[in-house]
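This report is for a reader who meets the structure for the first time. It goes from the interior to the surface and then to pairs of side chains.

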Amino acid sequence: MDTRTLIDFLNTVEPMKYNTRHSWTSKGRRESVAEHSWRLALMAYLVKDEFPEADIHKVILMCLCHDLGEAVTGDIPSFEKSGKDEKIEEEAVKGLLKRLPQSYEEELTGLFHEMNERNTLEARIYKALDSMECIIQHNQAPLSTWLPLEHELNLVYGKENTAFSPYMEELRRTVNEDTREKLRAEK
């Protein structure tokens with residue numbers, strides 16, 4: 001990739017660093033989209049031994065790129081996101097990918113299709129980790145940042161995404177233990 005295209009693309013997705021998510025950090029500030037994507041990618045690396053048959057590098061790439069559209073649209077919490085919002089984000093991703101050389105555009109377009117379909121082990125790992133990272137972050141944030149609906153939602157969120165794997169189900173159970181402990185401790 002030529003250097004101007006590289007820099008221009010990085011400039012275009014830079015809002016991921018300051019576009020905030022619904023989640024808060026343990027220090028009481030909003031989490032950025034980029035922070036979520038970074039930790040999600042780290043999670044993928046750290047579970048590689050649990051999925052030796054998976055292409056973990058592909059999972060890491062999915063984690064790094066899955067919220068690219070939010071550089072344009074900003075974050076909409078999953079419990080508020082409509083089909084229309086998903087379509088707008090999908091179009092934003094297509095517009096961003098068109099800025100890249102054809103080989104990158106084709107590779108990432110295929111990757112987004114794979115993530116959306118969730119027919120591969122890699123896509124299922126990415127989606128399960130994405131769900132669990134959100135709850136882990138909520139558990140680290142002050143309870144005062146939670147919406148009332150999240151007291152129950154956080155205990156069921158991502159259940160369908162983790163069901164494919166005993167390890168992911170165990171991760172979800174452990175995250176749920178932390179959620180319950182947080183709710184008990186802050187009463």
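The text below describes a predicted model.

**Nonpolar core**

The largest nonpolar core has 38 residues. Leu68, Ile125 and Leu129 have the most contacts inside this core. Two or more residues each come from H1, helix H2 (33-46), helix H3 (56-65), helix H5 (83-97), helix H6 (102-117), helix H7 (121-140) and helix H10 (166-185). H7 supplies the largest share of the core, with 8 residues. In soluble globular proteins, nonpolar side chains tend to be buried together.

Leucine 68 can be followed through its contacts. Leaving aside residues up to four places away in sequence, leucine 68 touches Phe9, Val13, Met16, Leu96, Leu97 and Phe112.

**Nonpolar surface patch**

On the surface, a nonpolar patch is formed by Met1, Leu6, Ile7, Leu10 and Tyr104. Together these residues have about 440 Å² of accessible area. Helix H1 (residues 3-13) gives the most to the patch, namely 3 residues. Leucine 10 is found in helix H1. Its relative accessibility is 49%, so leucine 10 counts as partly exposed, since the exposed class starts over 50%.

**Aromatic pairs**

The model has 2 aromatic pairs. In one pair, the ring centres of phenylalanine 51 and tyrosine 167 are 6.1 Å apart and the ring planes meet at 85°, so the pair is edge-to-face. Phenylalanine 51 lies in the loop between H2 and H3, whereas tyrosine 167 lies in helix H10, so the pair ties together parts that are 116 residues apart in sequence. Phenylalanine 51 is buried, with a relative accessible area of 5%. Tyrosine 167, at 31%, is partly exposed. One aromatic cluster is formed by Phe51, Phe164 and Tyr167.

**Salt bridges**

There are 15 salt bridges in the structure. The table gives the closest N and O distance for some of them, including one between two helices.

| Salt bridge | Closest N and O atoms |
|---|---|
| Lysine 58 and glutamate 114 | 3.0 Å |
| Lysine 87 and glutamate 90 | 3.7 Å |
| Glutamate 170 and arginine 173 | 2.9 Å |

The bridge between lysine 58 and glutamate 114 links distant parts of the chain. Lysine 58 is in helix H3 and glutamate 114 is in helix H6, 56 residues apart. Lysine 58 is partly exposed, with a relative accessible area of 28%, whereas glutamate 114 counts as buried at 14% relative accessibility.

Lysine 87 and glutamate 90 are 3 residues apart in helix H5, so about one helical turn separates them. Lysine 87 is partly exposed at 46% relative accessibility, and glutamate 90 is partly exposed with a relative accessible area of 32%.

Glutamate 170 and arginine 173 are 3 residues apart in helix H10, so these two are separated by about one helical turn. Glutamate 170 counts as partly exposed, at 38% relative accessibility. Arginine 173 is partly exposed too, with a relative accessible area of 44%. Elsewhere, Arg21, Glu31, Asp67 and Asp75 are joined into one network by salt bridges that share partners.

**A backbone detail**

Most residues other than glycine have a negative phi. Arginine 118 has a positive value, with phi near 55°. Arginine 118 is placed in the loop between H6 and H7. With a relative accessible area of 34%, arginine 118 is partly exposed.

Definitions and conventions
Residues are numbered from 1 along each chain as its sequence is written. This is a predicted model: local features need pLDDT of at least 70, side-chain atom pairs count only at pLDDT 80 or more; totals for chains, interfaces and linings use all residues. Side-chain values use heavy atoms; hydrogens and water are left out. Patches are made of residues with over 30% relative accessible area and no salt bridge: like charges are joined within 9 Å, nonpolar side chains (Val, Leu, Ile, Met, Phe, Trp, Tyr) within 5 Å. Accessible areas come from the Shrake-Rupley method with a 1.4 Å probe; for residues, only the protein chains shown count as cover. A salt bridge is a side-chain nitrogen of Lys or Arg within 4 Å of a carboxyl oxygen of Asp or Glu. Helices (H or I, at least four residues) and strands (E, at least two) are DSSP runs, numbered from the N terminus. Buried means under 20% relative accessible area, exposed over 50%, partly exposed in between (1.4 Å probe, protein chains only). A nonpolar core is a set of buried Ala, Val, Leu, Ile, Met, Phe, Trp, Tyr and Cys residues joined through side-chain atoms within 4.5 Å. Contact means heavy atoms within 4.5 Å. Rings of Phe, Tyr and Trp (its six-membered ring) pair if their centres lie within 6.5 Å; planes under 30 degrees apart count as stacked, over 60 as edge-to-face and the rest as tilted.
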